[in-house]
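Visitor: Could you take me through one part of this model closely, step by step, and then set it in its surroundings? I would like the strand pairings first.

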Amino acid sequence: MTSLRIFAVGGLISFRALFGFMSPWIFVPTLVVTPLFQILLFAYIGRSAGIQDDAFYVVGNAIQYAAVPCLFAMTFTIAGERFNQTLGPILVSPARRLPLFLGRSVPVIVNGAFVAALSLLLGSLVLDVEVPGSAIAPLALVIVLASASCTGLGLVLAGIGLRVREQAVMLNIVFGLLLVFTGANVPVDELPAWMEATSRLLPFTHAIEAARELVAGGTLDAVSGLLVRELAIGAVYAVLGYAFLRFMERQGRVHATLEKV
Amino acid sequence: MPPVVEAIDLHRTYKTTTGTFRRRSLEVEAVRGVSFEIAEGELFGLLGPNGAGKTTTIKMLITLLIPTAGQARVLGRDVVEDAHWVRERIGYVFGGDRGLYERLSALDNLRYFAELYGVEPKQQRARIHELLELVGLEGREKERVEGYSRGMRQRLHIARGLLHDPPVLFLDEPTIGVDPVGARELRSMIAGLKAAGKTVLLTTHYMFEADALCDRIAVVAKGKIVAEGTPRDLKASVAEGVVVEIEVYGIEEEKVEALRAIPGVTSVAVEDRDQAQVVVVQADTETEPTHAVLARLDGVSLGRVTTREPTLEDAYVALVTQE
Amino acid sequence: MSARAIRLARTGAVGWWMNLKMVSQSAFDGLLAILWPLFFGTVAFFMFRAGGDPETLVYASLGAAVMGVWTATSVPAGSALQRHRWNGTLELVVAAPTPFSLTLLSLTTATSTVGIYCMTATLLWGRFAFGIDVPFEDPVALAVAIPTTIVSIGLLGFLLAVAFARYRTAWTLGAMLEYPVWLVGGFLVPLSLFPDWVRPISWLLAPTWGMNAIRDAATGAGSAWPDIAMCVALGAGYTTAGVLVTNRVLAAARRRATLSLT
């Protein structure tokens, strides 16, 4: 199978597996209702504390919540293979690894972007937040980049997830860290110095900043620097994640841990 | 003496749905008119292959399922109307790994179930230790169940089922998946229950187990009872007759049908054994089927051909495979 | 008290204790249960600090503490029946002479009891990381308000567990209610900020009253006792509704043969 086919077919099958599992009964509560309430929760806290405005919280939380589809789906796609005991057969195949793993990440990125966009839309409607028409296309780009960047992190976690039994715990903790550190609800420059430094190394931070500027009427040009940085961060995670997965694969073959659920 | 357990024309249908977009509902009749009685102190066996309806029947008797038709009584009381009364007097043990709280020790599991099943608080401690000794788990009761082997879990299940000293016990495939030595111990424990005066309903698909333990057996296939009697009665029903076994390497269905058509042949079954298949032909004593059989098998690759007397296993296979 | 009532109380207590043992055992789950409200609390603390009113920080600390109790209860409540089913113990428990609602109720109150760890951790975190000093103006009322809140949340969890029993994806429904109750229970946000139609919903939730009681008892802003009474009344209401629903669910399950299906 050529790399392109592995990329495309593997991605498509993974997509079907992902959405086959995702019945509306799971999708709607987890990826539509919950992010909306996260937006509402922080918007109201903001109102209660008398700081920022609703738009600040809608953008911040809509993007941050994409961590759920990106991180969880990526980890479970890989861990799911392990659970079904298909990981072994896949890794034994001669298929080249890069298109294999990348192919699997495409549906995750698409899903993540969709969830973020939907939350942004619903949050804006419910809280009456104005988004300028000119910002819509650039926002879509920002959202896709944010989702891709977080999925890169997802690859790293997927690798760790192969060794760890309590993946859900790890993922929830990372979600919480992203909530605190990415400026989703507290402007990054208001955080203590060490926290601010950390947040600049995480996905979402730059995308959220860019998205807020766009909603406030900024142009794509003005935020391009932020977007480049977001993309770079995501790429670094993706490379790390890929390397880590290859390493875990080798370890798994040495220590016979591949099939252990 | 009135029977302790009565099943009167029990029926149970399941509705399942298939498909995601166009949901179709299918009705599966798992139990289609099962009737039997168990007398006090009897060890009664429900013998049949997987999917025959044994577990469904048991679940109706232990109040977990409401029959779609028919009635069931335990100790004279209806299982649907008087479910609570019945529950206080029955024990339920099933095979497999599940059914215990993994994170708790065996002792805690028993304490919890003792409480749930209404054992008097003052008697709980003594009773639990008595049972642990009975099933051979004393000394290991403080360990967590997650570390237990299948055999140990089964023994713990039996202890659990006996906590409230029920007069009637329902054992659903209790030795399934247990190693031969462990299974033998479990069987002697089950025999001991009968000796202690309990009335036991045992389901199993192991014939030799039913033969060894049960006072009476009902053979169940496809939701109906196809034979009932003591193990000796069932063997007697096939003692006359002859069995011809022919090793073949692939056989077509038409040839099998042709064999069934031979006068005097009561059943034909094809079993997989190692590399080949074995065609088992049963016939009544009047017939000597070997020649007719070999004639119909012209063109099929044959291996060994043996003739022998029927066993209880043949009776069972004949009963459960007939249409 | 009749002998039967005493018996039931004892069985409930043993059930609660056993479930508490089981729930307390996973170190990782415990870690998450404690950390989760801390993340949200931390964000809230930063936000209120930026807002400049120190009293809101005290409220936030108490609110975040109770958030943990709700999370500890709501998420497992949705999946309680499902997990029993997978474990193979659902049938055994239903076939027992003890009423199933009592068994389920002792499970959900055990999970909400674990919330005590969350409460303690959150209050300590607020104290040491953000310097938030929570007063204890009325220790007696507080000593009553806290267990009352915890138990009534457990009873609400019981009602949820049976209400969602029919759905195979009940775990998502339980988890879905985590944020809404935080919001509508007034844990971090005064109820006056919400549109009027939200009020009745808040009032039907025991956590709202429990939160009020704890706040009043800690800060001395008002009397906690009426709120405690409301909590108890709602708890009784949830129990009654839950028992009724349980009986219907079980009867349906026995008819439709859904008890053992995974």
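Guide: In this predicted model, a good place to begin is chain B, where strand β3, residues 43-47, pairs with β9(B) in the parallel sense over 4 bridges. Within that pairing, B:Phe44 has B:Arg216 of β9(B) as its bridge partner. β9(B) also pairs with β10(B), here in the antiparallel sense and over 5 bridges, and B:Val220 stands opposite B:Ile225 of β10(B). The two strands β9(B) and β10(B) form a hairpin with 2 residues between them, and in the turn B:Lys222 has a positive phi of about 50°.

This hairpin leads on to the division of the chain. Chain B is divided into domain 1, covering 5-235, and domain 2, covering 237-321, and the centres of these two domains, taken over C-alpha atoms, are separated by 35 Å. Where they touch, 13 residues of domain 1 of chain B are in contact with 9 residues of domain 2 of chain B. On the domain 1 side, α7 (207-213), β9 (216-221), β10 (224-229) and α8 (231-239) of chain B each supply at least two residues, so both strands of the hairpin take part. The most comes from α8(B), which gives 4 residues to that side, and the residues of the domain 1 side divide into 9 nonpolar, 1 polar and 3 charged.On the far side of the domain boundary, chain B has an open sheet of 4 strands in the order β12-β13-β11-β14, with antiparallel pairing. At its edges stand β12 (265-273) and β14 (302-308) of chain B, each with a single partner strand, so one side of each is left without a neighbour in the sheet. Neighbouring strands of this sheet are turned by 15° against each other on average, when direction is ignored. One of the pairings joins strand β11(B), residues 242-248, to β14(B) in the antiparallel sense over 5 bridges, and B:Val244 stands opposite B:Thr307 of β14(B).

Two helices pack on this sheet. Helix α9(B), residues 253-260, touches β12 and β13 (276-283) of chain B, and its direction makes about 145° with that of β12(B). Helix α11(B), by comparison, touches β11, β12 and β13 of chain B, with its direction at about 100° to that of β12(B). α11(B), which spans residues 312-321, is mostly covered, with 7 of its 10 residues buried; among them are B:Leu312, B:Tyr316 and B:Leu319.

For a single residue elsewhere in chain B, one may turn to B:Leu75, which is found in the loop between β4 (69-74) and β5 (77-78) of chain B. With 19 other C-beta atoms within 10 Å, B:Leu75 is partly exposed, because the count for a buried residue starts at 20. Leaving aside its neighbours within four places in sequence, B:Leu75 is in contact with B:Val4, B:Arg89 and B:Val168. The C-alpha atoms of B:Leu75 and B:Trp85, which lie 10 residues apart along the chain, are separated by 9.8 Å.

Methods:
Residues numbered from 1 in each chain as written. Chains lettered and ligands numbered in written order. Predicted model: local features only at pLDDT ≥ 70, side-chain atom pairs only at ≥ 80, totals over all residues. Buried ≥ 20, exposed ≤ 12 C-beta atoms within 10 Å, placed from the backbone. Domains from an automatic or database assignment. Contact = placed C-beta atoms within 7 Å. Nonpolar A, V, L, I, M, F, W, Y, C, P; charged D, E, K, R; others polar. Pairing = 2+ DSSP bridges. Axes fitted to C-alpha atoms, helices over the stretch in contact; angles between N-to-C directions.
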